[in-house]
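Take a moment to turn the model around on your screen before reading on. We will walk through it together, one step at a time.

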Amino acid sequence: MNNKKIAIIGGGNMGIALAKGILQTSWAAPEHIMVAEPLKSRFEHIKNLVPGVKVSHSNIEAAQFADIIVLSVKPQILLKVIDEIKPALKDSKLLISVAAGLTTSEMEKKSGGKVHVVRAMPNIAAVVREAATAICPGEYATETDMAAAAHIFESVGIVVEVEEVLMDAVTGLSGTGPMYVFQILEGLSDAGVKVGLSRDIANTLAVQTLIGSSKLIQETKEHPAKLKDLVTSPGGTAISALHSLERNGLKAMLIDAVEVASLRSAELGIKRKDKSSE
Ligand SMILES: NC(=O)c1ccc[n+]([C@@H]2O[C@H](COP(=O)([O-])OP(=O)(O)OC[C@H]3O[C@@H](n4cnc5c(N)ncnc54)[C@H](OP(=O)(O)O)[C@@H]3O)[C@@H](O)[C@H]2O)c1
């Protein structure tokens, strides 16, 4: 077990998923975790979801309490929150942000010093501890800081390290990724109904097909194209279906979607910078 104290500022979907994950891996004791949340009416709810953790309505109290501060508020208010907790940010504290589009240098500048910053981009599957997270270090973050951040996000899934210039690409692929999968699953479920299955059975079969196929790729480490070849027998059903997918441009559609989401992530960052320099 780690002896660092952790503050999670923002007790919403991501903040609570992280608190739960950390507790489930026993990386920190419950009394070493404090969640800061403005709405007192949510305190009981948070205490029920993550028993034993401290809950505060004061961001500065949470920042003073902790060695590691995880900022899990919406990107629009993140810099305001850093401003608020600035007096508690000593050099040795580690600041981790999960906010889309905010760069480590913006956060360092706002913190007003050589603050250790790690930027992370997880996804909503953190709620079921199956997230894909990318992390990157700020200018002053050390290897120990990166290891601590990796521990936190490994408690809710898998972690990769990337250069910061790639964080918009990560946002477009895996940060936004669950939405693509939900759309694909909804389509498959509708398709099952169209060919005569009940909605329940269509959903169950579609979801399990996605889980099973993903596990197959994960465990065999084969390229998807190779596994596709394995299931397309000459003159069979799969090659007919593949022809239809190719004709309708499924892969091009996915590439477009990821590209447009990555560009949008970069654009949101630029817009915010323009606004703050006005
Ligand atoms: N959810 C995702 O799929 C996902 C994926 C990757 C990254 N992220 C990032 O994770 C961050 C949080 O997202 P989320 O989905 O968890 O959003 P969320 O559920 O809305 O959580 C945000 C939390 O912050 C609280 N909050 C608002 N103002 C605050 C303040 N001044 N000080 C402290 N807490 C405050 C909110 O409380 P109230 O509800 O009472 O206002 C809410 O509990 C965002 O930056 C997002 O970009 C999310």
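Let's begin with Asn 59: a polar atom in its side chain lies 2.9 Å from a nitrogen atom of the ligand. Keep in mind as you look that this is a predicted model. Now find Lys 74, where an N or O atom of the side chain is 3.3 Å from an oxygen atom of the ligand. With Ala 100, look at the backbone: one of its N or O atoms lies 3.4 Å from a ligand oxygen atom. How much of the ligand does the protein bury? On its own the ligand would expose 890 Å², and the protein buries 77% of that.

Next, let's ask where the ligand sits. Its place is the second largest pocket. Two elements each give two or more residues to the shell around the ligand: helix α1, covering 13–24, and helix α4, covering 75–85. Of the elements, α4 gives the most to this shell, contributing three residues.

Now look at the whole ring of neighbours. How many residues surround the ligand? There are 23, and the closest are Asn 13, Met 14, Glu 37, Asn 59 and Val 73. You have already met Asn 59, whose side chain places a polar atom 2.9 Å from a ligand nitrogen. If you sort the shell by class, you will find 14 nonpolar residues, seven polar ones and two charged ones.

From here, follow helix α1 to Gln 24, which is found in that helix. What does the side chain of Gln 24 contact? It makes a polar contact with the side chain of Arg 129, at 3.5 Å. You can also compare Gln 24 with Val 73: the two are 49 residues apart in sequence, and their C-alpha atoms are 22 Å apart in space. Val 73, remember, is one of the closest residues to the ligand.

Finally, zoom out to see the protein as a whole. The protein is divided into domain 1, spanning 6–168, and domain 2, spanning 177–258. Taken over C-alpha atoms, the centres of domain 1 and domain 2 are separated by 35 Å.

How values were computed. Residues numbered from 1 in each chain as written. Predicted model: local features only at pLDDT ≥ 70, side-chain atom pairs only at ≥ 80, totals over all residues. Heavy atoms only, no water. Near = heavy atom within 4 Å. Polar contact = N/O pair within 3.5 Å; in protein donor to acceptor, adjacent residues only side chain to side chain. Areas by Shrake-Rupley, 256 points an atom, 1.4 Å probe, with all protein chains shown as cover. 1 Å grid on protein atoms, 1.4 Å probe; cavity = no way out; pocket = protein on both sides within 12 Å on 5 of 7 lines; lining within 4 Å. Sits in = over half its atoms within 2 Å of the grid points. Helix = DSSP H or I, 4+ residues; strand = E, 2+ residues; numbered from the N terminus. Nonpolar A, V, L, I, M, F, W, Y, C, P; charged D, E, K, R; others polar. Domains from an automatic or database assignment.
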